[in-house]
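Take a look at the protein shown below. This report walks through its parts one by one.

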Amino acid sequence: AVYVNNLMEDTKDMFIEKNEDFVNLVNGIVSPGGANYELPADIQVELRPYQVTGYKWLRTLANNGLGGILADDMGLGKTLQTIEYVTACIAEEIKAVQEGKSDEKKPFLIVCPTSLVYNWQDEFHNFAPHVKTIVVSGAPEVRKELIESYVDNDVIITSYPLIRRDI
């Protein structure tokens, strides 16, 4: 969308009409800080302005059926931005189920390096203790049992090597 928009901006010899959805998509991607997404009230931390922008960028991408990667220097809060995003989505899914707009709430899957699996769970417990997390690890039969209990959890956390085995 951004590429096509730039091509249209460079075209001076023809009239181009952009609908509101297209304009909103491009603006949300190029300037996510202006998006109107509320931060979850039940997160126990205050985000820095650039973290709020990252959160809004994730929401903009997801609401348009797109994926993205938060990539910056270590220690700038990508985990926290993701926890904000996941928590907001969980709240929206719960509301949709309560209003009869959805049949079920689906858990999120976080796949990360083995060394960070329990860090992710700790971060959820620290900043969003109401979010139910489960770490899928251990012997194959234990992992199978944990995976089958997915409906009881909001977030399933596993490692790259274990997800390859479990698939």
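Which helix gives the most to the lining of the largest pocket? The answer is H4, with 6 residues. Keep in mind throughout that this is a predicted model.

## The overall plan

The protein has 167 residues. Its secondary structure comes to 7 helices and 3 strands. Along the sequence, these elements follow the pattern α-α-α-α-β-α-β-α-β-α.

The C-alpha atoms fill a box of roughly 65 × 40 × 35 Å, taken along the principal axes. Buried residues account for 33% of the protein. Now take the contacts between residues at least 6 apart in sequence: 55% of them join residues at least 24 apart.

## The sheet

The 3 strands form an open sheet. Their order is S1-S3-S2, and the pairing is parallel. S1 and S2 (133-135) are the edge strands, since each pairs on one side only. From one strand to the next, the twist averages 20°.

Helices pack against this sheet. H4 touches S1 and S3, and its direction makes about 160° with that of S1. H5 lies across S1, S2 and S3. The angle between H5 and S2 is about 165°.

## A closer look at strand S1

S1 covers residues 108-112. How many bridges join S1 to S3? There are 5, and the two strands run parallel. S3 spans residues 155-159. Two positions show how the strands line up. Phe108 stands opposite Val155 in S3, and Val111 stands opposite Thr158.

Which residues of S1 are on its covered face? They are Phe108, Ile110 and Cys112. Leu109 and Val111 sit on the uncovered face. A general rule helps here: in a regular strand, side chains alternate between the two faces of the sheet.

## The loop before S1

Pro107 lies in the loop between H4 and S1. Is Pro107 buried or partly exposed? Its relative accessible area is 22%, so Pro107 counts as partly exposed. The cut-off for buried is under 20%.

Leaving aside neighbours within four places in sequence, Pro107 is in contact with Tyr150, Asn153, Asp154 and Ile156. Compare its position with that of Lys12. These two residues are 95 residues apart along the chain, and their C-alpha atoms are separated by 48 Å.

## The largest pocket

The largest pocket holds about 820 Å³ of space. It is lined by 29 residues. The closest to its centre are Leu70, Lys78, Thr79, Thr82 and Trp120.

Which elements give two or more residues to this lining? They are H3 (49-63), H4 (78-98), S1 and H5 (117-127). By class, the lining has 20 nonpolar, 7 polar and 2 charged residues.

## Three buried residues in helices

Start with Thr87 in helix H4. Its relative accessible area is 3%, which means that Thr87 is buried. Beyond its neighbours within four places in sequence, Thr87 is in contact with Pro40, Asp42, Ile43, Ala128, His130 and Val131.

Next comes Gly54, found in helix H3. With a relative accessible area of 9%, Gly54 is buried. Setting aside neighbours within four places in sequence, its contacts are Leu70 and Gln81. Leu70 also appears among the residues closest to the centre of the largest pocket. Gly54 and Met8 are 46 residues apart in sequence and 27 Å apart in space, C-alpha to C-alpha.

Last is Arg143, in helix H6 (residues 140-148). Why does Arg143 count as buried? Because its relative accessibility is 6%, and buried means under 20%. Not counting residues up to four places away in sequence, Arg143 touches Val136, Ser137, Gly138, Leu162, Arg165 and Asp166.

## Putting it together

Return to H4 with these details in mind. H4 holds the buried Thr87, packs on the sheet, and gives 6 residues to the lining of the largest pocket. S1 also has several roles in this picture. S1 is an edge strand, pairs with S3 through 5 bridges, and is among the elements that give two or more residues to the pocket lining.

Notes:
Residues numbered from 1 in each chain as written. Predicted model: local features only at pLDDT ≥ 70, side-chain atom pairs only at ≥ 80, totals over all residues. Heavy atoms only, no water. Buried < 20%, exposed > 50% of the residue type's maximum accessible area, 1.4 Å probe, protein only. Helix = DSSP H or I, 4+ residues; strand = E, 2+ residues; numbered from the N terminus. Pairing = 2+ DSSP bridges. Contact = heavy atoms within 4.5 Å. 1 Å grid on protein atoms, 1.4 Å probe; cavity = no way out; pocket = protein on both sides within 12 Å on 5 of 7 lines; lining within 4 Å. Points joined across faces, edges and corners; volume = space filled by probe spheres on them. Nonpolar A, V, L, I, M, F, W, Y, C, P; charged D, E, K, R; others polar. Axes fitted to C-alpha atoms, helices over the stretch in contact; angles between N-to-C directions.
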